Amino acid sequence: KKQIELLDILTKQKNRLSDKLKFNLAIQYQALFGADLAQHYCRAALSTYPAGQRDFIKRFGAMNDFEAWRLKALSCERNRDFNGSEYYWKQGITVLKTQGAEETFKIALILRHIAAHQESPEEAVTWLIDSLDHDPDDRESYVKILQYYERQEQEADVYKEWLDKSITKFPDDVELLGLAIKASTRNKAFKKATQYAQALLKIDPVNTSAKQVLFSSHLAHARKLIKSKKFHLVEKEIQQAEKITIGKRYQTPAQLMRGLFVFVTEDKKQGAQLIAESVQKLNDGLVCAYFCVTLEALLLDLQSAPVLKELPPLAKDYILPQQEMTQLIKLIQQYADDNVSQALLHKALEKIKTIIKQSIKQQNYGEELLLSLCQCLERILHFELLNACVKIAQPLWLKPIWMYYRVYSEAKGNPEKCSDINSYRLQESLKEAREQNDQRTATLISKFLEKYYESRRPK
């Protein structure tokens, strides 16, 4: 009879059930639900229906101290008073601490809840770190802490410390191992990068990213050994790189490294020929070959001229075909991924930048390729070539992204150097990007303008 009565009430409701009605029904029909379940539901419902507190106490008895503080905290949150809620949550935590170790997990959840309502990322991370004292096995908290410190360049040591803690706690976590590989490569800790990549490949044997890192780490370590004159260990590193099954294309860089090794230790003529043969095997084009040889020589503090003599001469009026420009972009990005310094990348580009400029002017590359080139040049902060690219592209495609790259290149990446007229242009482009739902461009412009406005504030 009671079930039919309840169903009759529910079916007559045309609108969504209010918090008050659900609360009252739980009390009225607690015999159907069971006293424990009804009490549990009503206690939870008080967070959205605080007016039911008197009825709750009348039916189920007085609430404990923690529940009283919890309800006050949630009431503050509903009114967007997060300072007040933080105070009441702290009082609740004080109560829980008196109730023994069984409440530590609940304390951790509250601390993470407080973290989620912090305006400052720094304060949020502080709460997350505190939560791990009570529940040290929460992977998500570790990831959030790492994401915060990864963005703080001045906190590199703290990031490393938390990364080590995370890997120790979750040694088989693919995402964390990926972060560890990235950090080790950035710090030129090639042995560590290799160890992490090997650990990742044990879990995910076909992980291409880990294979690429392992391959690059072996070659980077071989480079390091050549520079430190530990020649007896070099061949082993090259062979280990060659053993990685990652595709035929990756065999050529290993052969190039062997040619450089021969050039340094045995016969310069023979070494130069081996290097020239290996870069031409890539079949990426002559400009890519010149760039690759020049950069590899710079990485080993060698003169590139003896090796470049073995390559076919590069004509002054050389124009890069679309395929070669695409491959050049990939090469630059690959070296940037391997954390080759911007200074060395700029030096290697110096020999071919005139050819790149005339190619941009004379070849009809299309917007997609030129945009890819701009993103690559932005990454390595090569403002001269970036500006040359924008001058060709912007008149052809009147889009917000091209205005952004124009202003960015003219200011050499520094918002403080942005002129007032260019800031106005960016504001208009930001509106346009938002209208077009171009989130990436809108984000780029917003970040640039924020720094521009910050630089204009009185100090």
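Begin by selecting glutamine 255: apart from its neighbours within four places in sequence, this residue is in contact with Ser278 and Lys281. The model on display is a predicted one.

**First stop: glutamine 255**

Colour helix α16, which covers residues 251-265, and glutamine 255 will be found within that helix. Glutamine 255 is partly exposed, and its relative accessible area is 27%. Next, add isoleucine 275 to the selection. In sequence, glutamine 255 and isoleucine 275 stand 20 residues apart, while in space their C-alpha atoms are 7.6 Å apart.

**Second stop: a salt bridge inside one helix**

The tour now turns to charged pairs. Side chains of opposite charge can pair when their charged atoms come close. The structure contains 22 salt bridges, and three stops are made among them.

Select lysine 90 together with glutamate 86. Their side chains form a salt bridge, with 3.5 Å from N to O. Both residues belong to helix α7 (residues 82-97), where they are 4 residues apart, about one turn of the helix. Is each partner buried or exposed, or does it fall in between? Lysine 90 is partly exposed, at a relative accessible area of 38%. Glutamate 86 has a relative accessibility of 18% and therefore counts as buried, the cut-off for that class being under 20%.

**Third stop: a loop and a helix**

Move on to aspartate 138 and arginine 112. These two form a salt bridge in which the closest N and O atoms are 3.6 Å apart. The pair links distant parts of the chain: arginine 112 sits in helix α8 (residues 104-116), and aspartate 138 sits in the loop between α9 (121-131) and α10 (139-151), 26 residues apart. Arginine 112 is buried, with 13% relative accessible area.

**Fourth stop: a network of salt bridges**

Finally, select lysine 353 and glutamate 384, whose side chains meet in a salt bridge of 3.0 Å, N to O. Which parts of the chain does this pair tie together? Lysine 353 is in helix α22 (residues 353-362) and glutamate 384 is in helix α24 (residues 383-396), so the salt bridge ties together parts that lie 31 residues apart in sequence. Lysine 353 is buried, at a relative accessible area of 14%, whereas glutamate 384 is partly exposed, at 37%. Extend the selection to Glu350 and Lys357 to complete the view: Glu350, Lys353, Lys357 and Glu384 are joined into one network by salt bridges that share partners.

Technical notes:
Residues numbered from 1 in each chain as written. Predicted model: local features only at pLDDT ≥ 70, side-chain atom pairs only at ≥ 80, totals over all residues. Heavy atoms only, no water. Salt bridge = Lys/Arg side-chain N within 4 Å of Asp/Glu carboxyl O. Helix = DSSP H or I, 4+ residues; strand = E, 2+ residues; numbered from the N terminus. Buried < 20%, exposed > 50% of the residue type's maximum accessible area, 1.4 Å probe, protein only. Contact = heavy atoms within 4.5 Å.
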